[in-house]
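Please look over the sequence and the three-dimensional structure shown below before reading on. The report that follows takes up pairing, packing and open space in turn.

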Amino acid sequence: MTAPQSKPQDGQAIRLEAVSKSYGDYQVLKNIDAEVKRGEVVVICGPSGSGKSTLIRTVNRLEEINSGAIEFEGQNIHAKMRASELNRLRSRIGFVFQSFNLFPHLSVLENVSMSPIKIKGVPASVAREKALKLLDRVGLADKANAFPAQLSGGQQQRVAIARALAMEPPVMLFDEPTSALDPEMVGEVLAVMKSLAAEGMTMLCVTHEMNFARDVADRIWFIDAGEILETATPEDFFKNPRHPRAQRFLSDLRH
């Protein structure tokens, strides 16, 4: 059965309506309403265990929800659909994980070019040419024939970003992409994310990198105990947070 579609509101990429998610008796997400506009960078921040990663994983259905709806370009992601439809939908939502999830037995070039070949049916020569351009874009053209084990963590994460971009998604999701990296490698990954934002990529990012949030985000969602307690511009959030929990969170960070 094909998932029902509604016309997305003008400029809207993702919409969450009354989204709730539980593991048994433990409610992780509570009645969340939010939207991400096309070309917008939204950063989700909050304390550990607040539901940030669960929330972003529901957007491409890596996590099922118990109630509510999530729409991507007007299509309900959590509607009943065939596996092939879900895979096609996911191919349009790039996802970069905390752990790099590269295939260890494939070269960097093969990691980046495989999905367009297997999922979209792109000719191998075309996919490889595009992969080389993407590797150049993330500063790793010279590592095309290397294997993941030969790369640093920061390099592996940049390959993971190139791999996601190879499917030409209109939206990119980042789930704490720098949390597994040594401090000196964080900057090289954030630089790639900043360049994507500057080019107008729609991005939803879970991150603890508050300087990135301050410099790059259009809006910040502050989440705690499964609820979005505050939505604000970076300037308002960092200078004058309204919710007491957000005030305490920022105070703890500063100390």
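Which residue of β5 does Glu 71 stand opposite? Glu 71 stands opposite Asn 76 in β5. This is a predicted model, in which local features need pLDDT of at least 70 and side-chain atom pairs count only at pLDDT 80 or more, while totals for chains, interfaces and linings use all residues. Residues are numbered from 1 along each chain as its sequence is written, and side-chain values use heavy atoms, with hydrogens and water left out.

**The open sheet**

Helices (H or I, at least four residues) and strands (E, at least two) are DSSP runs numbered from the N terminus, and two strands pair if DSSP finds at least two bridges between them. By these terms, 4 strands form an open sheet in the order β2-β1-β4-β5, with antiparallel pairing. The strands β2 (26–37) and β5 stand at the edges with a single partner strand each, so one side of each is left without a neighbour in the sheet. Within this sheet, β1 (residues 12–23) is joined to the antiparallel β4 by 5 bridges, and β4 is in turn joined to the antiparallel β5 by 2 bridges. In the hairpin of β4 and β5, 2 residues lie between the strands, and Glu 73 takes a positive phi near 50°.

The table lists residues that stand opposite each other or are bridge partners, in this sheet and in the pairings of β3 described further on.

| Residue | Opposite residue or bridge partner | Strand of the second residue |
|---|---|---|
| Arg 15 | Glu 71 | β4 |
| Ser 20 | Ser 67 | β4 |
| Val 41 | Met 203 | β8 |
| Cys 45 | Phe 222 | β9 |

Ser 20 lies in strand β1. Buried means under 20% relative accessible area, exposed over 50% and partly exposed in between, with a 1.4 Å probe and protein chains only, and Ser 20 counts as buried because its relative accessibility is 11%. Contact means heavy atoms within 4.5 Å; leaving aside neighbours within four places in sequence, Ser 20 is in contact with Gln 27, Leu 29, Lys 30, Asn 31, Ile 65, Asn 66 and Ser 67. The C-alpha atoms of Ser 20 and Met 203, which are 183 residues apart along the chain, are separated by 22 Å.

**Strand β3 and the cores**

Strand β3 (residues 41–45) is mostly covered, since 5 of its 5 residues are buried. In a regular strand the side chains alternate between the two faces of the sheet. In β3 both faces are covered, with Val 41, Val 43 and Cys 45 buried on one side and Val 42 and Ile 44 buried on the other. This strand pairs in the parallel sense with β8 (residues 202–206) over 4 bridges, and β3 also pairs in the parallel sense with β9 (residues 219–224) over 4 bridges.

A nonpolar core is a set of buried Ala, Val, Leu, Ile, Met, Phe, Trp, Tyr and Cys residues joined through side-chain atoms within 4.5 Å. Of the 51 residues in the largest such core, Leu 135, Ile 161, Met 172, Phe 174, Met 193, Met 203 and Phe 237 touch the most other members. Helix α6 (residues 183–198) gives the largest share of this core, 8 residues. A second, separate core of 28 residues includes Val 36, Leu 55, Ile 77 and Leu 173. Leaving aside neighbours within four places in sequence, Met 203 is in contact with Glu 40, Val 41, Val 42, Met 172, Phe 174, Met 193, Leu 196 and Ala 197.

**Helix α2**

The buried residues of helix α2 (residues 83–90) are Glu 85, Leu 86 and Leu 89. They cover an arc of only 100° around the axis, which puts them on the same side of α2; the arc is that of the directions from the helix axis to the C-beta atoms. These buried residues pack against β4 (67–72), β5 (75–76) and β6 (93–96), whereas the face turned away from the buried side carries the exposed residues Ala 83 and Arg 88.

**Helix α3**

Ser 113 lies in helix α3 and counts as buried because its relative accessibility is 5%. Leaving aside neighbours within four places in sequence, Ser 113 is in contact with Ala 127, Arg 128 and Ala 131.
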